[in-house]
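Colleague: I'm new to this one, so could you walk me through the spaces and the packing inside it? Let's pull it up first.

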Amino acid sequence: MTIRAAPQRHAQFVPAHDIWQRLGDWLRDHQGSIRTVQWIVVLFYVVLLIVPVFLPLPDHTAYLWTNFTRFAQFVFWGVWWPLVLLSTALVGRMWCGILCPEGAITEFVSGRGRGRAIPRWMTWPGWPTIAFACTTLYGQMTSIYQYPRPTLLILGGSTLAAAVIGYLYGRNKRVWCRYLCPVSGVFGLLAKLAPLHFRVDPPLWQRSQLSGIKPGAVNCAPLVPFRTMRGANDCHMCGRCSGFRGAIRLARRSPNHEIVHVAGSVAKPWETMLIVFGLMGLAVGAFQWSVSPWFVAAKLWLAERLVESGVTWPLEATAPWWLLTNYPQRSDVMTLLDGVLLVAYMLTIALACGALTVSMLAFATRSLGSWQPARFHHLAQALIPLAGAGVFLGLFSLTISQLHSDGIELPFVIPLRATMLVLATFWSGMLCWQVTGLYSWQPGRRVLAVFFVGLAMIVTDAGWLLLFWIW
């Protein structure tokens, strides 16, 4: 949407001591520099994405500092994505608004495209969750973390789709980022934990309207309705709206504030699905399957049954690399049996973990009184710290494994993982306790509800425990 901002934005409120507000205003006043940085990131992104496809696959003697393909994979999956997740939890979706190459491309193309109205089907809130699940499954089928071609196919395909959507819909907007990006749902969840956000002050907004001042133009690329914005879920933290009507400013807040006091105002079932079945289920299976003895045992059992039945083609049939991993020069080839079992394993973990978590959340909801769906979804929001920490640790494990293959050992990895998981679990438990206080004043009911949510957290903790310390 396009709104108008007051021309004398500096005059109304910039206390000299308010460093955060001054930072927000600095972002607003340096949009040209930010766009330059965005295009530098785009160039860096394109080089890392495309060049490795034309190079031979690295052999066992290649190091990340001597081989560009190894370097690119390490940057993408060992540095880039873990830091993006961490930064989102610390400063909101500033990555989206200032650095994301897809965001910059889709907005640039949108300013020169057809400018069509956004179709109703595109605004369906389930797309980010569905897209996250599909890309996670497909990424594991094609070994996206190990090879450059699936990286180009998935990340490059997403970027191409962002450009096409930008060309067709909106004018100078980020329609792709708002409604269809596969990771926008994850970023939106993590941004709720950020201690920084652009705060809207309703009384100041109303005072500005009554004054009769006509504001100048401000383009909110991710289509956030400024006046009703209460959290950081959709805000891209670009700073363009800082000072609008003298009522919007970058400010500090408690990291618990949005989940406790904002997230329960509107029930969001698709966010619950993403938390419970996506981050706390499917993501666990994605990082776990390659080292799981259950996966190996299931493969051996099924292979024996097929051989006994005289059906051997699933053990021999392969597919192109863009369907299943197929790199015979690296002795890394997935058969049809491998692919089917991989998908089945990940979906089974997702459904099993998700079903157990949903059951515990339902018991917790009922413990607080009569059944209320909004209360159920609000309790699910308390699991965001643990869900986000798990995915971060999963990506961080790629960092560790890539460095380990080059002879670099990071100290204190085990206690660091354990500490992060314990702190995230405690944080989610604390959020749950605060949320229960909104629905019941009886300590017994609240303790029982936290107990059931704690059981749900144990399910996720057990999945990461198996991956990091047992298998």
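Colleague: How much space lies in the second largest cavity?

Modeller: Keep in mind that this is a predicted model. Searching the whole structure for cavities of 30 Å³ or more turns up 2. The second largest has Gly97, Glu107 and Arg174 among its lining residues. The space in the second largest cavity comes to about 40 Å³.

Colleague: And how do the residues lining that second largest cavity divide by class?

Modeller: Its lining is made up of Gly97, Glu107, Arg174, Ala221, Pro222, His236, Cys238 and Arg240. Gly counts as polar here, while Cys and Pro count as nonpolar. That gives 3 nonpolar, 2 polar and 3 charged residues.

Colleague: What about the largest cavity, how many of its lining residues are nonpolar?

Modeller: This one holds about 90 Å³ of space. Its lining includes Pro222, Val224, Phe226 and Met229, along with Cys235 and Met237. Just 2 lining residues are polar and 1 is charged, and the nonpolar ones number 9.

Colleague: Moving to the packing, how many residues does the largest nonpolar core have?

Modeller: In soluble globular proteins, nonpolar side chains tend to be buried together. Here, Phe76, Trp77, Trp80, Ile275, Leu361 and Leu395 have the most contacts inside the largest core. Setting aside neighbours within four places in sequence, Leu361 touches Val276, Phe376, Leu379, Ala380, Leu383 and Val453. The residue count for that largest core is 88.

Colleague: How many residues are in the other core, the one that lies apart?

Modeller: Its members include Ile34, Met229, Cys235 and Ile248. Of these, Met229 and Cys235 also line the largest cavity. The size of this separate core is 20 residues.

Conventions:
Residues are numbered from 1 along each chain as its sequence is written. This is a predicted model: local features need pLDDT of at least 70, side-chain atom pairs count only at pLDDT 80 or more; totals for chains, interfaces and linings use all residues. Side-chain values use heavy atoms; hydrogens and water are left out. On a 1 Å grid over the protein atoms alone, a cavity is a set of points where a 1.4 Å probe fits but cannot get out, and a pocket is an open set with protein on both sides within 12 Å along at least five of seven lines; lining residues have an atom within 4 Å of a point. Grid points are joined across faces, edges and corners, and a volume is the space filled by probe spheres set on the points. A nonpolar core is a set of buried Ala, Val, Leu, Ile, Met, Phe, Trp, Tyr and Cys residues joined through side-chain atoms within 4.5 Å. Buried means under 20% relative accessible area, exposed over 50%, partly exposed in between (1.4 Å probe, protein chains only). Contact means heavy atoms within 4.5 Å.
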